[in-house]
Amino acid sequence: MKRLLLVLMLLASPLWAVQPDEMLDDPVLEARAREISAGLRCLVCRNESIDESNAELARDLRLLVRERLVEGGTNVETVDYIVARDGEYVLLRPNAQGANLLLWLAGPALVLLGLGLSVGFIRKQARRRDVGGETDTLSKAEEARLREIMRD
Amino acid sequence: MITELGHFTLILAFAVSVFQMVVPLVGAHKGWPEWMAAAGPAATAQFLLTAVSFTALTIAFVTSDFSLSLVTNNSHTLKPMLYKISGVWGNHEGSLLLWVLILTLFGASAAWFGGNLPPRLRARVLGVQSAIGVAFFAFILFTSNPFLRLENPPMNGGDLNPLLQDPGLAFHPPFLYLGYVGLSMSFSFAVAALLEGRVDAAWGRWVRPWTLAAWLFLTVGIGLGSWWAYYELGWGGFWFWDPVENASFMPWLISAALLHCAIVVEKRETLKSWTILLAILAFGFSLIGTFIVRSGVITSVHAFANDPERGIFVLLILGVFMGGAFLLFALRAGAMEAKGIFGLVSRESALVVNNLFLVVSCFVVFIGTIWPLLAEMFLDRTLSVGPPFFNAAFTPFIFVLAVILPIGAMLPWKRAKIARVLKPLLPGAVLAVAAALLAYAIASGQSALGPVFIGLAVWLVAGAVVDLASRTGRGAIGDRLGRLVRLPRADWGKTIGHAGFGLTLFGIAAVTTYQTEDIRVARIGESFTFGAYEITLTDVRQVDGPNYVSLMGSVEVLENGTPLATLHPERRFYPVAGMPTTEAAINGGVTRDVYVVLGEPQRGGFALRTYIKPFANWIWGGAIIMALGGLMSLSDRRYRVAAGARRRRAEPVGVPAE
C-alpha cells in the first residue's frame, strides 16, 4: 500500500518550476531566460509566472523562450513572439498602450492632484488665523483651564 | 444536538443584533437613556451567543462529526488536532463564523471598555457596529450556513487543503480577521460621529486605540501569511502581489494612514473630516477584500469558496454601508470645524503628505488588482497585472514615504523650521548614504534599487533613534537616560514602529538584491560548492506522516568547511486530498537563510535547488517589531487616564464653543 502511494505520488508530482535539464549552459543566456520567464504568466495557472509554475504548459513555454534566445532573439523579440502567439494575457507587466495608460498614470496623477489640493487646503486654513482663528496667546477660558490643570 | 444548539444560538445572535441596531440608535436620536443603555448588555449577549455557536462548530470539527457537510468537506479523522481546529476557519462558512465572532467581540469590548464615552456616542457606536453584525449574520444564515447536516454521513471526510495544514497558516486567518474586523470599530466611530455632528480631540483619542489594534493585528496577519508563503510555496518568495494578498494589504495601508491622522485630530483638532473619510474607507477596503476573497471574480492562487451568489451578497453589504456612510459624510462633513491651524512646514503637513502617499499607494494596489476585471468588462481585453507592474508602480511611493518619514516625525507641530530638524538628522543621513554606497559596491552590476533601499532602511532606523534621543532634552547623560525611560509609551511605540518599518525594508532590499540561487541534479553522496557552502545530498527516503507520505531528503551543509546543519527538505503527498506539497528546509540565521528544496528524481539523482537569502528573517522580524511598536503605543496610559479625565471636564459650563 505504502509503495503504491509512493508510486502514485511520483506520478502526481508536478514538474517543478525551472528544471536542471531545461537550463541553458550559457549563464548569461540562462539569466536572460529567467528574467523573461518571471514576466510571463502561466496560461493554465491562477496567478503564477512560468518561472514559478509547475504546469506542463509552463515548462513548454520556458523551453520555447530558451529556444528563441539560443536562436539569437533579443529579449523584446522573444516576448513579442510569445505575445503574438498567446495574446497580451501572458504579460504580467501590462503594456502602457491605449486604456492601460490609465492604469499606469493613475498613481502619479492622483499624487499630483492630492499635493495640489493639500497645499491649497493648508494655505487656506493658515490664513484663517487672520480672521479670528487660533492665536498664539491663550483665551480667557483656556487660561482658566490651565490654572485648573496646574492645581491638580 | 450540540450542532443544533450552535445553529440556534446563531439565529438568536442575529435577533439580538437587530435589536441592538434599532433600539440604541432610536434612543440616541430621541434622547431616551434607557434605550441607549440597552446597547451594552445586548453587545455582551450577542458576543456570548456567537461564542457558543462557534464553540459548537469547533466541537463538531474536533470530534469529526461527519454528519455536518462542512466537517465532511474539510476534515479527516487522521488529521492532527491543530488542523482539526484550524479547519474550522479553513473554509468559507467557518471563516465567516469566525468573522462574526470577532465582530461581536469588538462590539462587546467597546461596551466593556467604553464606559468613559458619552452615553449618546456610545449608543450610536454600538448601534452602527450591530448594523454591520446584522448584515453578516444574515449573510451567514441565508447563504453560508455552517451547520448544515448530511442525510447520509460518510465514514470519513475529504480532508483540509494540505497547503493549509501548516502552523503559520493555522493562525494567519484569525489575525487577519482581527484586523479586518477591527476596522469596523473605526467605521462605527466615524459614522457615530457623523450622526452626532461633531468630532473633537477626545473622539480622536477614542478611535485611535481601535485603529491601532486593527492595524497591529493586520501587521501580524500579513507577516504570518508572507512567512508561510516563504517557506511553504517552495521558491522562497515572500510577496506575490496576488489579489488575496492585496486584499489584506489595502486595509493595512489605509489603517496606517488613519492611525497617523487620528493623532492630528487628537492633538490639533484639525483634518477632522479627512479622518472620518479614512475611517470609512479603511473598513470599505476590508469589505472589498472580503469580496475579492469570497466572490472568485478575480483569479488568485488562494481564493476559496468561489461562489458568485455570495459575491453579490458581499457587494450588497459593501454598497449599503459605503453608500450610507458616504451619503452621511456628504451631508455632515461640512459641520466638522477645524480648530488648530498649521503652516506649510509643520508636523501636520508632514502627516498630510504621509496620508496622501499611503492612500494613493493603496489606490495603485487597488486599481492594479481590479484592472484585469475592468479591462475584460469594458475594453474587451484579457490581460494580466502581475508583480512587475506593482513593483514598478508601488515602490516609488514607499521611497518617498521612507525619505520624508524621519524628517516629518521630528517636525514640531504648528509651524516649523526644516533646518532645525535636519541638523540632528545629519549623522543619520551620512550613515544612510554610506550604507547605500557600501551596498552598491558589494552588489556591483546589479540594479541600484536595492542599495538605495538599504540606505533608506538605515535612514529610517537612524532617524527613529535620533527622534527618541531628541526627546530627552539636553544635559548630563544620566539625566537624559532617566528621561528616556520615563518617556510616554506612545513615543517609544512611534520609534519602535518606525524602526521596524526600516528593518522590514532592509530585509526586502537585501533579499531581492543579494539572493543567490543554485539549481542542479544532485546525485546521492556527491558534494557541490555553492558560495561559502559545501552541500551534499546524503540520502532520500520515504517517511510516513500522520496523513501523508513523504519523500524526505537529507542534505549536509558545510559552511566554510565546518558542518552547519543537516537539512531535511520534503516532498509530501496527501492521499485523501490527492495533493502534493513541497516542504522547503531552511537553516535560518540573522544574516542569511540557507534554503533547500528537493525536486523530482531525474538523471540518476534528484533536482535540488539551493538559495542563500541574506537577511530574509529581517522582513518578518521588522513586521513583529512594527506590531510591538503598535502594542507599546496602545498601552500608553493616556488612553486610559485622559479619556476618563475628559468626562469630568465636560461637566462645567463655560467651556468655549467650537
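Analyst: In this predicted model, two residues are in contact when their C-beta atoms, placed from the backbone, lie within 7 Å of each other.

User: What share of the contacts in chain A with a separation of 6 or more joins residues 24 or more positions apart?

Analyst: Such pairs account for 48% of those contacts in chain A.

User: What makes up the pattern of chain A along the sequence?

Analyst: The order is α-α-α-α-α-α, and chain A holds 6 helices and 0 strands.

User: Why does the span of helix α6 (residues 92-113) of chain B agree with the expected value?

Analyst: The expected span is 1.5 Å times one less than the number of residues. For the 22 residues of α6(B) this gives 32 Å, and the end C-alpha atoms are 31 Å apart, so the two values agree.

User: What makes α6(B) count as mostly covered?

Analyst: A residue is buried if 20 or more other C-beta atoms lie within 10 Å of its own. In α6(B), 18 of the 22 residues are buried. In chain A, buried residues make up 24% of its 152 residues.

User: How many residues does each chain bring to the contact between chain A and chain B?

Analyst: Chain A gives 48 residues and chain B gives 49 residues. On the side of chain A that touches chain B, α1 (2-12) and α5 (100-127) each supply at least two residues. The largest share, 13 residues, comes from α5(A).

User: Which classes of residue form the side of chain A that touches chain B?

Analyst: That side has 24 nonpolar, 12 polar and 12 charged residues, with Gly counted among the polar ones.

Note on methods. Residues are numbered from 1 along each chain as its sequence is written. Chains are lettered from A and ligands numbered from 1 in the order in which they are written. This is a predicted model: local features need pLDDT of at least 70, side-chain atom pairs count only at pLDDT 80 or more; totals for chains, interfaces and linings use all residues. Helices (H or I, at least four residues) and strands (E, at least two) are DSSP runs, numbered from the N terminus. A residue is buried if 20 or more other C-beta atoms lie within 10 Å of its own, exposed if 12 or fewer, and partly exposed in between; C-beta atoms are placed from the backbone.
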